[in-house]
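The following account considers two helices and one strand residue in turn. The reader is invited to keep the structure in view throughout.

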Amino acid sequence: MGTKKVIVMGATGFIGQHLVKDLLDQDYSVTILVRNKAKVSCYRWKREITIIGWDGEDPEGLNVQGTGYGTFFFVAWDGVAPEDKNNVGLQIQNITYALNAMELAKRLGCSKFVATGTVAEYVFCENTIDVNEKPAPSDFYGAAKVSVHYMLEVLARQISMDFIWAVLPSTFGPGRKGNNIITYTIRTLLKKQKPRYGDLEQLWDFLYVTEVAKALRLIGEKGKPGKIYGIGSGQYRKLREYVEEIRDCIDPLLDLEIGVLPEMTAKTFSSCVNIFDLIQDTGFQIETSFCDGIKETILYIGKNM
């Protein structure tokens, strides 16, 4: 497995917070890179971490003491909210930060660079997504992820860096920001209102955030350089079944208005990722079911409405 000294860039994000916690729970020595060191004070990790301020601009200008790091986890990305996904300038800026981060990882002697993609790279895939197939993004967020993946592959070859790309699923859990279908459904039902949807016939895969963090840690430990790993539960259902389960957890008597909104596209797509390689190479297994995770998420949203 190698050294247990790692770097995380993006530690203040939704997934990054949980990745840091998971790493600390597994006795890793964690260094995080942040643009605003003051912002980190609100995060309460149980063990000490090393915090370094870096704006992502100049990998040569950052003075970091010590080398010998293992994995560099790049989970930073601005512009994930729906209103920012087609902000071209913002998405391109993310690409620059990722390339600079890999240059920094090489300078610090990191043995491996793990960066995160998204199922949004394959949004027009109608069946289970094979992450090794041709991507098909529908917005500049997905297109930027596809672009940076290829660019990081080229850079990794040029500087001799072991590189792994991890495709993240639809992730949920306490603290998730944005009005995605899970938070929208929970908030609306807790207000005793009727959430409104399209037909919800798409096959989908949701994964609780702690499971995503664990998968990333396992990829850092056991993942094979040059591979693309899809992360998910491996259990696929129609979106309709997920929202019905959320409703049943809150109050089975509440109404759902399914099929009243027009579909965004005439083509039904899937967000279900094949996770065979993840299981085979890392031994990944689900510990938190959708049911258990959604109950925790309902409690959190209910307390913070």
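A residue is called buried when its relative accessible area is under 20%, exposed when that area is over 50%, and partly exposed in between, with a 1.4 Å probe and protein chains only. Helices (H or I, at least four residues) and strands (E, at least two) are DSSP runs, numbered from the N terminus. The model is predicted: local features need pLDDT of at least 70, side-chain atom pairs count only at pLDDT 80 or more, and totals for chains, interfaces and linings use all residues. Residues are numbered from 1 along each chain as its sequence is written, and side-chain values use heavy atoms, with hydrogens and water left out.

In helix 6, the buried residues are Leu239, Tyr242, Val243, Glu245, Ile246 and Arg247. Their cover includes helix 4 (181-190), strand 9 (206-208) and helix 8 (290-303). The expected span of a helix is 1.5 Å times one less than its number of residues. For the 12 residues of helix 6 (residues 239-250) this gives 16 Å, which agrees with the 17 Å between the end C-alpha atoms.

Helix 1 (residues 14-25) also has 12 residues and an expected span of 16 Å, and its end C-alpha atoms lie 17 Å apart, in agreement. Its buried residues include Phe14, Leu19 and Asp22, and among the elements covering the buried residues are strand 1 (5-9) and helix 5 (209-222). After helix 1 comes Asp27, with a positive phi near 65°.

Leu207 belongs to strand 9 and is buried, at a relative accessible area of 2%. Contact means heavy atoms within 4.5 Å; residues up to four places away in sequence aside, Leu207 touches residues including Pro169, Phe172, Val212 and Phe284.
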